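Subject: Structure handover

Hello,

Here is the structure I said I would pass on. Please look through it first, then read the notes below.

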Number of protein chains: 2
Amino acid sequence: MSRHDILVVGSVALDSVRTPFGEAKDVLGGSASYFSFSASHFSGVRIVAVVGEDFPVEHRQRFEARGIDLSGLETTAGKTFRWRGEYDIELGHAHTLETQLNVFSTFHPKLAAEHRTCPFVFLANIDPELQLEVLSQMASPRLVVSDTMNYWIARKPDRVIEVLRRVDVALLNEEEARALSGEVQLVRAAGSLIEQGARAVIVKKGEHGALFRSRDELFVTPAVPLSGLSDPTGAGDSFAGGFLGWLARCGRTDGGALRQALACGAAMASLAIEAFSPERLVTASRSEISERVSMLHRMVHFQLETLFD
Amino acid sequence: MSRHDILVVGSVALDSVRTPFGEAKDVLGGSASYFSFSASHFSGVRIVAVVGEDFPVEHRQRFEARGIDLSGLETTAGKTFRWRGEYDIELGHAHTLETQLNVFSTFHPKLAAEHRTCPFVFLANIDPELQLEVLSQMASPRLVVSDTMNYWIARKPDRVIEVLRRVDVALLNEEEARALSGEVQLVRAAGSLIEQGARAVIVKKGEHGALFRSRDELFVTPAVPLSGLSDPTGAGDSFAGGFLGWLARCGRTDGGALRQALACGAAMASLAIEAFSPERLVTASRSEISERVSMLHRMVHFQLETLFD
């Protein structure tokens with residue numbers, strides 16, 4: 001994979017996570033990490049992020065082993081962003097126990113020429129002001145996807161909406177879509193965000209899959225039925241990696257490509273949650289990924305027959 | 001429609017319902033009513049139920065206008081079953097304010113010859129003991145679908161499980177599937193019920209659609225995006241009516257038929273909730289129903305492309 005068509009701007013972090021299925025301490029985490037391991041199965045990825053001097057060289061090597069370009073990974077004096085959280089039995093909801101922004105607190109992404117010209121861009125969950133800064137530096141990307149979180153929706157709703165208007169596809173989970181739109185029902189929530197100027201919205205619904213809505217299109221994918229849930233951390237970023245990854249790989253952004261991209265997103269999210277850290281995204285084989293996308297296709301496909309002659 | 005291939009045993013009631021969108025007093029309700037109006041678009045239906053002497057003749061005429069056979073609708077001295085309930089803004093959850101079983105409290109379905117030989121059967125939400133009584137009277141039905149509710153799961157879990165083992169497809173909503181299986185995740189909940197001896201399970205997930213799981217099959221349908229929700233009462237029975245209705249109409253019970261049946265169920269449920277009482281199930285046109293099934297097909301269909309060459 002020599003072409004590096006995808007740019008991600010987000011966090012590279014050290015996570016400590018506890019779930020009902022186990023725990024992990026100071027493992028590789030962060031939105032840009034999950035995204036790039038996921039997308040790397042489909043296309044070349046460049047990361048723009050920042051780490052501290054304590055960032056282990058082994059982690060760096062794991063990215064490089066997957067062909068991920070780290071020329072935009074700044075190393076700054078200080079410690080790497082750390083997150084500590086746990087999930088309750090119902091899962092889906094992380095309780096943040098501690099956030100140490102560290103070097104991330106003063107991060108202002110500066111894009112080099114090879115970043116500015118990437119056709120596919122993922123603006124991971126960072127301050128919407130930073131997302132806008134990145135956007136203003138891009139040459140003329142083909143497709144930009146953004147993520148966000150309740151933290152920013154509560155604090156900077158106008159900026160979050162501004163990002164939605166400037167990107168091609170905005171990713172939100174159920175709670176975020178409801179909080180930002182004021183609508184309970186998710187198809188309506190997505191519709192309300194379109195009314196507010198978003199071009200297209202993907203609502204991630206956990207075990208219920210995901211829905212894509214734009215002015216002209218409305219389609220859904222189920223989730224891959226769980227084989228072995230270990231840690232939901234990074235599911236959304238891995239989803240984004242599969243979604244953008246497939247678009248970059250097939251080189252199209254038409255309705256058909258977007259529909260399969262949604263299934264690729266769901267497939268990658270299902271892999272991510274099977275282990276702590278992005279472990280399964282590293283070890284996943286092409287045939288495993290293909291089999292999951294095929295499974296999603298089998299779960300929804302039916303031959304439409306005329307109901308009434 | 002001269003053939004009456006479908007039998008439903010359940011309640012015919014008078015409902016008083018309040019939702020955030022309006023209210024209705026003493027309108028036609030009951031599981032057998034919603035089911036039969038829904039299924040009547042696809043095939044002939046016979047009702048076995050009981051009403052009191054106060055049951056309005058106009059309601060009887062509405063059934064007959066849709067070709068629904070009422071020869072099994074007993075009229076007994078006393079009052080018709082009455083239910084009074086309301087829905088909160090989140091919907092999905094009905095609060096029962098009052099239940100007057102009336103003539104329904106001593107109901108023991110007795111099937112005539114023309115009922116015993118119906119190939120398709122819906123055992124609506126009644127006491128599982130009564131469901132088993134009905135089953136023991138059937139000749140050799142091709143496909144039996146059962147419904148239940150939390151009330152019976154809490155009081156007679158063993159009988160509910162026994163019904164599950166004796167029917168072909170058991171319908172449950174999310175809460176019922178979780179309560180009966182002890183599993184939170186719905187694909188797992190369905191799997192646990194299969195382990196306990198159910199042949200196939202449909203879990204109705206409200207705005208998230210429905211999933212079908214048997215030993216060999218797992219597939220889903222989304223819900224029809226809401227156009228105008230008025231009253232969720234009867235959504236599940238209307239779903240069952242579309243599901244069994246299509247199977248009776250096409251005369252098949254293979255995987256392909258079951259998949260389209262699931263979409264027909266979702267289409268009919270979406271019509272039912274657009275008005276109080278089964279009003280929309282009466283007025284729905286064939287083209288409206290077909291259009292909703294096609295919409296569900298468009299929402300999930302994609303051309304599977306090879307991910308990696």
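The notes below cover the interface, one sheet and a few side-chain pairs.

This is a predicted model, in which local features need pLDDT of at least 70 and side-chain atom pairs count only at pLDDT 80 or more, while totals for chains, interfaces and linings use all residues. Residues are numbered from 1 along each chain as its sequence is written, chains are lettered from A and ligands numbered from 1 in the order in which they are written, and side-chain values use heavy atoms, with hydrogens and water left out.

The interface

Chain B and chain A each bring 46 residues to the contact (contact means heavy atoms within 4.5 Å). The size of an interface is often given as the accessible area lost when the parts come together. Here the two chains bury about 4300 Å² between them, with 58% of it on carbon and sulfur atoms; buried area is the accessible area, taken with a 1.4 Å probe, that two parts lose on being put together, summed over both. On the chain B side, B:Phe302, B:Leu307 and B:Phe308 lose the most area to chain A, and together they make up 19% of what that side buries.

There are 4 salt bridges across this interface (a side-chain nitrogen of Lys or Arg within 4 Å of a carboxyl oxygen of Asp or Glu). B:Glu207 forms a salt bridge with A:Arg178, and their closest N and O atoms are 3.3 Å apart. Between the chains, 20 residue pairs are in polar contact, both residues being at pLDDT 80 or more. A polar contact is a pair of N or O atoms within 3.5 Å; within protein, one must be able to donate a hydrogen and the other to accept it, and residues adjacent in sequence count only if both atoms are side-chain atoms.

Several elements of chain B supply at least two residues each to the side that touches chain A, among them α9 (235-250) and α12 (286-300). Helices (H or I, at least four residues) and strands (E, at least two) are DSSP runs, numbered from the N terminus. The most comes from α12(B), with 9 residues.

A sheet in chain A

Chain A has an open sheet of 4 strands in the order β3-β2-β6-β7, with mixed pairing; two strands pair if DSSP finds at least two bridges between them. Its edge strands are β3 (22-29) and β7 (94-100), each pairing on one side only.

Strands β2 (residues 13-19) and β6 (residues 82-87) of chain A run parallel and are joined by 5 bridges. Along this pair, A:Ser16 has A:Arg84 as its bridge partner, and A:Val17 stands opposite A:Gly85. In contrast to a parallel run, β6(A) and β7(A) are antiparallel, with 6 bridges; A:Arg82 is partnered there by A:Gln100 of β7(A).

Side-chain pairs

A:Arg82 also forms a salt bridge with A:Asp54, the closest N and O atoms being 2.8 Å apart. This pair links distant parts of the chain, 28 residues apart: A:Asp54 is in the loop between β4 (45-52) and α2 (57-65), and A:Arg82 is in strand β6. Over all chains, the structure holds 41 salt bridges.

A:Asp168 lies in the loop between α6 (157-166) and β10 (169-173) of chain A. Its side chain makes a polar contact of 3.0 Å with that of A:Arg199.

Regards
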